[in-house]
Amino acid sequence: MIPIDDSPIVRDGKSLILAMDHGLEHGPVDFEAVPEKLDPSTVFETATHDAVTSIAVQKGIAEGYYPSYEDDVNLLVKLNGTSNMWMGEPDSAINCSVDYAAEIGADAVGFTVYSGSNHEVEMYEEFRRVQEKAREYDLPVVMWSYPRGQGLKNDTKPSTISYATRIALEIGADIAKVKYPGSSEAMEHACTAAGDMKVVMSGGSKTSDYDFCSTVESAVTAGASGLAVGRNVWQRENPTRILDALEAVIYEEATADAALEA
Ligand code: FBP
């Protein structure tokens, strides 16, 4: 972990990463309810909201769309990713190098690690190479820390999520992105296990405005430094409304009620 509070992907110590790598991870099915969002420009447009500190995309989307938005959004290049068609033990192909991410203007890089998978050893070694190369460019490294694999029956169990944040700290991430472990207490333990490293909550499938903002409020109160979210923002008809509310909850520590009433 290195100090990243001066990084463009951090605002007042917090982050809201807008993730849009779903076309790879899940497929176009995630865009069925909002077909216009299949055009990546629409989500880049959403990322110009002040609440958003970076947009997380794969290399191809970064190459094609970031140049039109480079003055208005910060770029987090997700270096690995796998399709939903992969049926083996959790693993993730490296689709972009740190050198290339830096060349196309990345402000940070992201990397998924599936601890507990049969591919854990290789993934840790890949992460080591990415993390050490990212240090040469002073690029923060966000780890999608997702314990997953044959031996793991419940990947949001409190002890699993605390283990996920601790692993991220131990092997050199600057931010760990983890699933919400079900309660504020469990999230607090996960943040404590991460020491001074930042922890952000993963968004998950779309829920109501109130349910989502309440969960984010609970995570932030527990010590989380924000959010990495996709579907709960861009699957909405009006992403601006939810981003206004999330801005209040994350950066102004408003309650979900107050943020949604405003
Ligand atoms: P969501 O907020 O839509 O869950 O997006 C966050 C994210 O990590 C994406 O970056 C990624 O595509 C997706 O979730 C992966 O989710 P999962 O592996 O749980 O299907």
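**Elements and model**

I take helices and strands as DSSP runs, numbered from the N terminus, with at least four residues for a helix (H or I) and at least two for a strand (E). I note at the start that this is a predicted model. I looked up the confidence: the chain averages a pLDDT of 97, and 100% of the residues score at least 70. The model scores are ipTM 0.91 and pTM 0.97. I then counted elements and found 11 helices and 10 strands in the chain.

**Overall form**

I looked up the box that the C-alpha atoms of the chain fill, and it is roughly 50 × 40 × 35 Å along the principal axes. For 262 residues, a compact globule would have a radius of gyration near 18 Å; I read 17 Å for the chain, which agrees. I also looked up burial: 51% of the 262 residues are buried. For contacts between residues at least 6 apart in sequence, I find that 71% join residues at least 24 apart.

**The nonpolar core**

Which residues touch the most other members of the largest nonpolar core? I list L18, I55, L76, V109, L246 and V249, out of 85 residues in that core. Helix α10 gives the largest share of this core, seven residues. I followed V109 further, leaving aside neighbours within four places in sequence: its contacts are L76, V77, L79, V98, A101, V130, A134, L139 and V141.

**A106**

I found A106 in the loop between α4 (98–103) and β6. Is A106 buried or exposed? I count it as buried, because 27 C-beta neighbours lie inside 10 Å and the cut-off for buried is 20 or more. Beyond four places in sequence, A106 is in contact with L75, L76, V77, A101 and L139. Among these, L76, V77, A101 and L139 also appear in my list for V109. I also looked up A254, which is 148 residues from A106 along the chain; their C-alpha atoms are separated by 31 Å.

**Y114 and N118**

I looked next at the loop between β6 (108–113) and α5 (120–137), where Y114 sits. N118 is in the loop between β6 and α5 too. Y114 counts as buried because it has 22 C-beta neighbours inside 10 Å. N118 is partly exposed, because 14 other C-beta atoms lie within 10 Å.

How far apart are the C-alpha atoms of Y114 and R148? I read 5.4 Å, although the two residues are 34 apart along the chain. R148 is also one of the contacts of Y114, with P90, D91, H119, E120, M123, Y146 and G149 making up the rest of the list outside four places in sequence.

For N118, with neighbours within four places left aside, I find contacts with E89, G149 and Q150. G149 is thus on the list for Y114 as well as on the one for N118. I looked up R166 against N118: they are 48 residues apart in sequence and 19 Å apart in space, C-alpha to C-alpha.

**E217**

I found E217 in helix α8, residues 209–221. Its 23 C-beta neighbours inside 10 Å are why I enter it as buried. E217 touches V249, T255 and A256, not counting residues up to four places away in sequence. V249 is one of the core residues that I listed as touching the most other members. I also looked up I167, which is 50 residues from E217 in sequence and 24 Å away, C-alpha to C-alpha.

**Positive phi**

Most residues other than glycine have a negative phi. I looked up two with a positive value, D12 and E253. D12 has a phi near 50° and is placed in the segment before β1 (15–19). D12 counts as exposed because it has 12 C-beta neighbours inside 10 Å, and the cut-off for exposed is 12 or fewer. E253 has a phi near 55° and is placed in the loop between α10 (239–251) and α11 (256–261). With 13 C-beta neighbours inside 10 Å, E253 counts as partly exposed.

**Around the ligand**

How many residues surround the ligand? I find 13, and the closest are A19, E25, G203, G230 and R231. The elements that give two or more residues to this shell are α1 (22–25), β10 (226–229) and α9 (231–234). By class, I enter four nonpolar, six polar and three charged residues for the shell.

Methods:
Residues numbered from 1 in each chain as written. Predicted model: local features only at pLDDT ≥ 70, side-chain atom pairs only at ≥ 80, totals over all residues. Near = placed C-beta within 6 Å. Nonpolar A, V, L, I, M, F, W, Y, C, P; charged D, E, K, R; others polar. pLDDT = per-residue confidence, 0-100. Core = buried A, V, L, I, M, F, W, Y, C linked by C-beta atoms within 7 Å. Contact = placed C-beta atoms within 7 Å. Rg over C-alpha atoms; globule rule 2.2 N^0.38 Å.
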